[in-house]
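Trainee: I would like to go through this model with you. Could we have it on the screen before we begin?
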Amino acid sequence: MLDLLLGNLKVKIEDIVKDLGAEGVEVEFEIPKDKSMGDYSTNIAFRLTKVLRKNPNLIAFDIVSKLNKEDYKLEKIEVVNGFINFTFLSSYIHNLVFKILKEKENYGNLKVGEGEYYNVEFVSANPTGYLHIGHGRGAAYGDSLVRILKKAGYKVDSEYYINDGGNQIDNLAHSIYERYKELFGLEFALKDDYYHGPEIIEIAKKIKDKYEDKYLQSDYYFDFKRIGVDYLLAVLKKDLSDFNVTFDHWFSETSLYENKDVEKTIEYLNNHKFTYLEDGALWLKTSKYGDDKDRVLIKQDGSYTYLVPDIAYHHNKLNRGYTHLIDVFGTDHHGYVPRLKAAIEMIGGDSSLLDVELLQMVRVLEDGKEVKMSKRSGKAITLRDLIDDVGADALRYMYVSKALSTQMDLDLSLLKKNSNDNPVYYVQYAHARISSLFKTALDKGLKYKELQEFKTLDFAKSKDLVLKLLEYPEIIEEASTKRLPHRVTQYAYELANYLHSYYSEVKIITDSEVESNERLNLLKAVQIVLKDALSLIGVKAKDKM
RNA sequence: GCGCCAAUAGCUCAAUUGGAUAGAGCAUUUGACUACGGAUCAAAAGGUUGGGGGUUCAAAUCCUCUUUGGCGCGCCA
């Protein structure tokens with residue numbers, strides 16, 4: 001859409017720039033903060049000062065003198081302080097609304113990701129306890145990112161890596177067993193690295209209800225592992241689905257052992273001389289590829305470190321044909337990134353095949369005081385609690401509206417009290433408001449008809465709203481390529497703001513059927529975009545609040 | 001001690017990745033139609049972008065020093 005508006009202009013200016021003597025400079029447009037400066041502007045003159053050794057203002061005038069505004073549907077071209085400002089003909093801009101009405105939810109679909117096949121892995125919490133508040137942030141971010149990438153034309157799979165092997169699952173089985181003994185009034189002892197949360201007691205109870213004292217007689221280890229993981233995984237899936245988060249793949253760590261991927265990966269690394277033996281352990285030469293030091297793969301006791309299945313896992317992902325991998329980690333794992341990237345370099349030949357998006361920790365406050373969370377100690381604010389208290393829509397909006405680098409403080413008491421102030425309702429209300437207008441129109445016997453052109457609309461009053469609509473594809477491009485879903489929440493809020501503003505200034509449904517219908521055409525386009533933007537962050541659009 | 005990340009209005013956050021007068025929401029103050037939904041609209045006030053130095057036409061953004069906070073620094077996962 002923006003191409004339609006600015007594409008030819010961009011080409012033309014780039015030609016002019018070339019003629020002026022600067023090769024290969026790309027012209028970029030931006031929307032001025034101050035609306036009186038026009039609809040779009042470019043800072044190209046500034047960027048040419050070095051090459052052309054001239055005052056930016058002079059360069060700008062030079063460029064403008066070679067532009068014919070009629071050729072580009074422009075009403076005005078202006079040079080201000082070196083910036084070149086463009087104002088489009090309102091009639092032309094408004095005609096683009098009908099394009100949105102035609103494209104419907106496909107409006108804003110891009111091709112920037114064409115030919116790419118991404119794998120986005122996120123949450124991947126161990127099935128050793130319930131999901132907590134931090135996982136919620138990763139879930140909201142990852143899921144929104146996937147939706148936005150798809151909108152931008154990428155082929156994308158979302159994936160959850162289930163750590164269903166290793167030490168922590170052993171500890172899970174033992175923890176359940178201790179709780180199980182407790183239920184029979186027997187002596188029990190939870191070690192430090194066992195899991196102390198209430199969910200473990202839940203599982204123990206379920207086992208007792210079903211099997212009674214069977215496991216006091218026979219070996220519990222394998223059964224408890226399976227029962228524990230199955231139970232927790234089921235809860236976790238339910239929580240995520242209630243949070244409107246879905247995964248294309250649930251990838252089990254154990255499967256990497258079963259299909260020999262782990263063996264093959266070790267073999268591969270050995271064959272390519274990426275490993276060496278020292279002190280009875282097998283080491284990986286990660287320091288050769290940017291890591292601080294080499295890392296152990298196989299410990300003295302012959303067991304694998306966590307890194308081994310994880311390399312095998314990424315190896316597996318690359319072998320599945322993805323052109324790029326994205327992992328979403330908490331910053332508490334940021335030290336792990338260099339060794340993982342080193343491993344990617346070894347198995348994929350290029351560490352840039354993987355990008356890790358790091359999300360800052362979420363700190364939880366209750367009445368201003370920090371609540372320390374720890375899965376082992378069992379103290380955690382669960383995602384489930386928050387979904388129940390605040391609602392999935394409000395929660396997702398809140399998570400996504402902040403950049404990942406923000407160290408979030410969540411004050412629970414404040415969050416619950418103020419959940420009605422959540423901006424998500426403002427956006428949803430805008431959508432509902434439009435639905436309501438259509439209902440009113442219908443009640444009044446007005447027949448909505450899709451038009452080809454506006455004849456009565458007051459462009460001066462609707463121009464801001466329309467310009468905001470035209471911005472949408474650009475938002476998608478930015479949110480997808482820079483992986484910033486919060487741009488979408490911002491945009492949705494702004495669009496809602498313009499809608500509310502327009503609504504209070506202009507009466508939509510009047511006695512004139514022609515006028516009313518034209519305004520409804522405009523609002524229909526707004527509604528389409530609002531709904532689509534909300535869907536990208538996993539929030540439902542509502543027809544009634 | 002070393003490394004990574006951050007610090008912007010009273011609070012929670014933005015700032016088109018180096019662009020024009022740093023913007024929103026909440027809170028505060030003021031105003032709005034006997035209207036199609038007031039979960040709204042219009043406006044005021046609020047800032048030495050933690051601090052110092054530098055780079056350039058231009059710095060919240062880049063470099064450097066410094067202060068404060070978060071997170072790492074396992075043959076745990």
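Trainee: Which residues of strand β9 are on its covered face, and which are on the uncovered one?

Mentor: In β9 (residues 281–284), L282 and L284 are on the covered face, while A281 and W283 are on the uncovered one. Please note that this is a predicted model, in which local features need pLDDT of at least 70, side-chain atom pairs count only at pLDDT 80 or more, and totals for chains, interfaces and linings use all residues. Residues are numbered from 1 along each chain as its sequence is written, and chains are lettered from A and ligands numbered from 1 in the order in which they are written. Strands (E, at least two residues) and helices (H or I, at least four) are DSSP runs, numbered from the N terminus.

Trainee: Why the alternation?

Mentor: In a regular strand the side chains alternate between the two faces of the sheet.

Trainee: Which strands does β9 pair with?

Mentor: Two strands pair if DSSP finds at least two bridges between them. Strand β8 (residues 275–278) runs antiparallel to β9 and is joined to β9 by four bridges, with Y276 opposite W283. Strand β10 (residues 295–298) is also antiparallel to β9, over three bridges, and there R295 stands opposite L284.

Trainee: What is in the turn between β8 and β9?

Mentor: The two strands form a hairpin with two residues between them. D279, in that turn, has a positive phi of about 50°.

Trainee: Changing topic, how is chain A divided into domains?

Mentor: The bounds come from an automatic or database domain assignment. Domain 1 covers 2–88, domain 2 covers 96–112 + 419–536, domain 3 covers 119–157 + 246–359, and domain 4 covers 158–245 + 362–416.

Trainee: How many residues of domain 3 touch domain 4?

Mentor: 43 residues of domain 3 are in contact with 40 residues of domain 4, where contact requires C-beta atoms, placed from the backbone, within 7 Å. Helix α5 gives the largest share of the domain 3 side, twelve residues. By class, that side of domain 3 has 21 nonpolar, 15 polar and seven charged residues. Here Ala, Val, Leu, Ile, Met, Phe, Trp, Tyr, Cys and Pro count as nonpolar, Asp, Glu, Lys and Arg as charged, and the others, Gly among them, as polar.

Trainee: And how far apart are the C-alpha centres of these two domains?

Mentor: The C-alpha centres of domain 3 and domain 4 are 23 Å apart.

Trainee: Which residues are closest to RNA strand B?

Mentor: The closest are S41, F46, Y306, G335 and A403, out of 70 residues that surround the strand; a residue is near if its C-beta atom, placed from the backbone, lies within 6 Å. Helix α17 (423–443) supplies the largest share of this surface, nine residues. The surface divides into 25 nonpolar, 30 polar and 15 charged residues.

Trainee: Back to helices: which residues of α3 are buried?

Mentor: In α3 (residues 56–65), P56, I59, A60 and I63 are buried. Their directions from the helix axis to the C-beta atoms fall within an arc of 100°, so these residues line one face of the helix. A residue is buried if 20 or more other C-beta atoms, placed from the backbone, lie within 10 Å of its own, exposed if 12 or fewer, and partly exposed in between.

Trainee: What share of chain A is buried?

Mentor: Of its 545 residues, 38% count as buried. Chain A contains 20 helices and 15 strands, and its C-alpha trace spans about 85 × 60 × 40 Å along the principal axes.

Conventions:
Contact = placed C-beta atoms within 7 Å.
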